[in-house]
Amino acid sequence: MPRYEFRCRACGDTFEVNRPMARAAEPASCPQGHADTVKLLSTVAVTGRGGGAAGGAPTPAGGGCCGGGCGC
């Protein structure tokens with residue numbers, strides 16, 4: 001089940017809530033009982049045994065801010 005991180009605006013505490021993705025947008029009360037909370041944007045790291053693209057070929061490295069596709 002996904003875990004969502006929230007921050008309480010009243011006390012500043014951060015806390016996590018486990019809930020189904022279908023309920024991701026629902027508000028959550030902090031453990032102290034305050035209702036004024038905001039959902040935080042969390043990062044996700046996905047790791048695996050593969051080393052690149054399908055078939056074991058390495059993923060091409062690019063440059064610039066967007067991977068080099070636009071030449072920036």
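**View 1. Phe6 and Phe15, a buried pair of rings.** Phe6 and Phe15 are both buried in this predicted model. Their rings make up the one aromatic pair that the structure holds. The pair counts as stacked, with 5.7 Å from centre to centre and 15 degrees between the planes. Those two values are the usual shorthand here: a pair of aromatic rings is described by the distance of the centres and the angle of the planes.

**View 2. The open sheet and its strand order.** Here we pull back to the three strands, which line up as β2-β1-β3 in an open sheet with antiparallel pairing. β2 (14–18) and β3 sit at the edges, each pairing on one side only. From one strand to the next, the twist averages 35 degrees. As a reminder, strands of a sheet pair through backbone hydrogen bonds, either parallel or antiparallel.

**View 3. The β1–β2 hairpin, from partners to turn.** Strand β1 (residues 3–8) runs antiparallel to β2, and five bridges join the two. Want to check the register by eye? Look for Tyr4 opposite Val17 in β2, and for Arg3 opposite Asn18 in β2. The two strands form a hairpin with five residues between them. Gly12 is in the turn and has a positive phi of about 85 degrees.

**View 4. Two faces of β2.** In a regular strand the side chains alternate between the two faces of the sheet. β2 shows this alternation nicely: Phe15 and Val17 point to one face and are buried. Thr14, Glu16 and Asn18 point to the other face and are not buried. Two of these residues turned up in the hairpin view, where Val17 stands opposite Tyr4 and Asn18 stands opposite Arg3.

**View 5. Thr37 and its neighbours.** Which strand holds Thr37? Thr37 is found in β3, which covers residues 37–39. Is Thr37 buried or exposed? Thr37 counts as buried because its relative accessibility is 16%, and the cut-off for buried is under 20%. A polar atom of the Thr37 side chain lies 2.4 Å from the backbone oxygen of Ala28. Leaving aside residues up to four places away in sequence, Thr37 touches Phe6, Arg7, Cys8, Arg9, Phe15, Ala28, Ser29 and Cys30. Both members of the stacked pair, Phe6 and Phe15, are therefore on the contact list of Thr37, which brings us back to the rings of the opening view.

Terms used:
Residues are numbered from 1 along each chain as its sequence is written. This is a predicted model: local features need pLDDT of at least 70, side-chain atom pairs count only at pLDDT 80 or more; totals for chains, interfaces and linings use all residues. Side-chain values use heavy atoms; hydrogens and water are left out. Helices (H or I, at least four residues) and strands (E, at least two) are DSSP runs, numbered from the N terminus. Buried means under 20% relative accessible area, exposed over 50%, partly exposed in between (1.4 Å probe, protein chains only). A polar contact is a pair of N or O atoms within 3.5 Å; within protein, one must be able to donate a hydrogen and the other to accept it, and residues adjacent in sequence count only if both atoms are side-chain atoms. Contact means heavy atoms within 4.5 Å. Two strands pair if DSSP finds at least two bridges between them. Axes are lines fitted to C-alpha atoms, for helices over the stretch in contact, and angles run from 0 to 180 degrees between N-to-C directions. Rings of Phe, Tyr and Trp (its six-membered ring) pair if their centres lie within 6.5 Å; planes under 30 degrees apart count as stacked, over 60 as edge-to-face and the rest as tilted.
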